[in-house]
Amino acid sequence: MNTNLRQEFPAIKILKDEPLSKYTFTHTGGNADWLALPTTVDQVQQLVSYCTAHQLPLTVLGNASNLIVKDGGIDGLVIITTELTKITVRGNQVEAQAGAAYIDVTKAARDAALTGLEFAAGIPGSVGGAVFMNAGAYGGETRFVVSAATVLLPTGEVRTFNNDQLAFGYRHSVVQDNQGIVLAATFALQPGDQEKISNKMNELNTRRAARQPLELPSCGSVFKRPTGYYAGKLIHDAGLQGYTVGGAQVSTKHAGFIVNVNHGTAADYQAVIKHVQDTVKEKYGVQLQREVRIIGRDK
Ligand SMILES: Cc1cc2nc3c(=O)[nH]c(=O)nc-3n(C[C@H](O)[C@H](O)[C@H](O)COP(=O)(O)OP(=O)(O)OC[C@H]3O[C@@H](n4cnc5c(N)ncnc54)[C@H](O)[C@@H]3O)c2cc1C
């Protein structure tokens, strides 16, 4: 099919053969055939129905902080939500569009003296990605604060899911199963003391900066926490810190992170991940599962 999405949707910002390495936190990844940056929910709906009608593959990304896009890029259309950034405070609730930075939502809550979101002060994803992944840190999880999310289903139906219906689990929500696109989420918070909220956020961000290699590109913790173990400790004990393929390296600061130290490719990342999994399995009999998602086509 001879698609020209720019002609089809002149009002939407659409780029052709756009390098995804410009958007991913790892700075890796090939080109998207098409990349759209919609600014309204209506534009998202238009693009999704076009893809359905024309059987054009569709991928939705937020801040691209929890994935590795392969070096061959992504077929069809990639929608990046980061222009959908509206955040509204209503009483004890904060409503945010999917592309709003989770960090900005935590700041809006703090500014309104609402407590409950401090744990997310340093999670660099979008609201949509946080709901999709049930992002969490320092004992907090997205599932403890989200009361509802608006989701565009593949059928074109827009449905509001309450907290139960979102079926959150460890780094999981129902959106991973129903192929939905999160359009917005509502966070139910409690009135709190603004200074205490602010201090807590600062404290957690200081702890994060001391432990995590935030000065280098990465995709956060690569592996899920295996039952009864810590992935980082297993990787550290296996002597894998500093292990490097091309430009991708097991961080010497935090063994759970793989950092891009020198123009690493997605293939470098994949090779490091495999080596870490194989070594930990061989030494400790533990199969590390990836938290990070690997998407796209091989080169
Ligand atoms: C330095 C660093 C620190 C991190 N610390 C943490 C942490 O403490 N805790 C934690 O949980 N995570 C952490 N992460 C990982 C990441 O920030 C979170 O998983 C975040 O929730 C991902 O959001 P995103 O918008 O970047 O998602 P993306 O990486 O863009 O996408 C991740 C997945 O979500 C899907 N997705 C994104 N948006 C939508 C949407 N609107 N609708 C449907 N699906 C969607 C994508 O298709 C993809 O499958 C860290 C990452 C980095 C780089």
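**Note on the predicted model: two sheets and a ligand site**

1. Valine 151 stands opposite arginine 159 in strand 12. The model is a predicted one, and this pair belongs to the antiparallel ladder between strand 11 (residues 146-152) and strand 12, which is held by 5 bridges. The hairpin made by strand 11 and strand 12 has 5 residues between the strands, and there glycine 156 adopts a positive phi near 100°.

2. The sheet that contains this hairpin is open and has 5 strands, ordered 6-7-13-11-12, with antiparallel pairing. Strand 6 (87-90) and strand 12 (158-162) are its edge strands, each pairing on one side only. On average, neighbouring strands of this sheet are turned by 15° against each other, with direction ignored.

3. At the other edge, strand 6 runs antiparallel to strand 7 (residues 93-97), with 4 bridges joining them. Threonine 88 has glutamate 95 in strand 7 as its bridge partner. Helix 3 (residues 102-111) packs on the sheet and touches strand 6, strand 7 and strand 13. The direction of helix 3 makes about 30° with that of strand 6.

4. A further open sheet has 4 strands in the order 1-2-5-3, and its pairing is mixed. Strand 1 (13-19) and strand 3 (58-61) are at the edges; each has a single partner strand, so one side of each is left without a neighbour in the sheet. The twist from one strand to the next averages 30°.

5. Within the 4-stranded sheet, strand 2 (residues 31-37) and strand 5 (residues 74-80) are paired in the parallel sense, over 4 bridges. Leucine 35 is placed opposite valine 78 in strand 5. Helix 2 (residues 41-54) lies across strand 1, strand 2, strand 3 and strand 5. The angle between helix 2 and strand 5 is about 165°.

6. Which elements each supply at least two residues of the shell around the ligand? They are strand 3, helix 4 (127-133), strand 9 (136-137) and strand 13 (181-188). Strand 3 is an edge strand of the mixed sheet, while strand 13 has a place in the antiparallel sheet. Helix 4 gives the largest share of the shell, 5 residues.

7. The ligand is surrounded by 34 residues, the closest being Val60, Gly62, Ser65, Ser126 and Gly136. Sorted by class, this shell holds 18 nonpolar, 13 polar and 3 charged residues.

8. Polar contacts to oxygen atoms of the ligand come from both backbone and side chain. Alanine 64 places a backbone N or O atom 2.8 Å from a ligand oxygen. For asparagine 66, a backbone N or O atom likewise lies 2.8 Å from an oxygen atom of the ligand. Arginine 208 contributes through its side chain, with a polar atom 2.9 Å from an oxygen atom of the ligand. The ligand taken alone exposes 970 Å², and the protein buries 94% of that area.

Note on methods
Residues numbered from 1 in each chain as written. Predicted model: local features only at pLDDT ≥ 70, side-chain atom pairs only at ≥ 80, totals over all residues. Heavy atoms only, no water. Pairing = 2+ DSSP bridges. Axes fitted to C-alpha atoms, helices over the stretch in contact; angles between N-to-C directions. Contact = heavy atoms within 4.5 Å. Near = heavy atom within 4 Å. Polar contact = N/O pair within 3.5 Å; in protein donor to acceptor, adjacent residues only side chain to side chain. Areas by Shrake-Rupley, 256 points an atom, 1.4 Å probe, with all protein chains shown as cover. Nonpolar A, V, L, I, M, F, W, Y, C, P; charged D, E, K, R; others polar.
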